[in-house]
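Subject: Structure for your review

Dear colleague,

Please find below the structure that I am handing over to you. I should be grateful if you would read the notes on its salt bridges alongside it.

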Amino acid sequence: MLPDFELSCSIFEQNGLKLNREIYNKLDSYAEFLVNYNKKINLTAITEPNEILIKHFIDSIILYKFVDLPQNSSIIDVGTGAGFPSVPLKIYRPDLKITLLDSLNKRINFLMQLCDLISVDAEFVHGRAEDMAKMPEFWEKFDFACARAVANMSLLSELCIPFVRVGGTFIAMKGPNEDVSLGARAVEILGGDAISAQNYFVGEEERRIITVKKISQTPPKYPRNSSQLKKKLL
């Protein structure tokens, strides 16, 4: 399914990453399962092997280059969709503890079957972030919360930062022109420190990774419910 092993190794190296046969085999099985499953349930518009390798897998794993992820860190992937970025990252760094959160049960079903197929250990949570974040088992329990999403930084911050323990980090993987200032007020309200942004390239496409260190507890009223979120951003 993916480009052959030698070519895939070369593409990884071009992006400052290494690839071994074990990781390649799991990613290859992931790609094949994703494309086949995508025929019955829409999970991704990217189905060409080279693009899956670069735009899904490398673009997920490259997070490890820009964020210090200590051994055995816990990560919740908010709105994970088809498992990006956390499942490729877990394949690359098996020590990480990942929780996959999505509001659509059909995506969770896909992820459960995928992780069973490629022997990836993960926790699966079906629900909306604004509801799950207030549950005691998830409230400020994670070292990292990550999202690879198009949502406004203010909204994304409100959905993700409540999951992060004090001292942990919220990570947003965005387009290169994301205006980080749009999330500044929300970050401050939610207990975060100043927003940091780094631009990088995956293949020929520019990306931006945004990180927020959590320095104080999130007020218990956040995140607000879905109707409040829709009415007004922080």
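The notes below describe the salt bridges and the residues that form them.

This is a predicted model, in which local features need pLDDT of at least 70 and side-chain atom pairs count only at pLDDT 80 or more, while totals for chains, interfaces and linings use all residues. Residues are numbered from 1 along each chain as its sequence is written, and side-chain values use heavy atoms, with hydrogens and water left out.

A salt bridge here is a side-chain nitrogen of Lys or Arg within 4 Å of a carboxyl oxygen of Asp or Glu; the count comes to 12. Helices (H or I, at least four residues) and strands (E, at least two) are DSSP runs, numbered from the N terminus. Buried means under 20% relative accessible area, exposed over 50%, and partly exposed in between (1.4 Å probe, protein chains only).

D59 pairs with R148 at 3.1 Å, N to O. This contact links distant parts of the chain, 89 residues apart: D59 lies in helix α3 (residues 49-61) and R148 in the loop between β4 (142-147) and α8 (153-160). D59 is buried at 4%, whereas R148 is partly exposed at 24%.

D59 also forms a salt bridge with R207 (3.2 Å, N to O). R207 belongs to strand β7 (residues 205-214), 148 residues from D59, and is buried at 15% relative accessibility.

Salt bridges with shared partners join E51, K55, D59, R148, E205 and R207 into one network.

Yours sincerely
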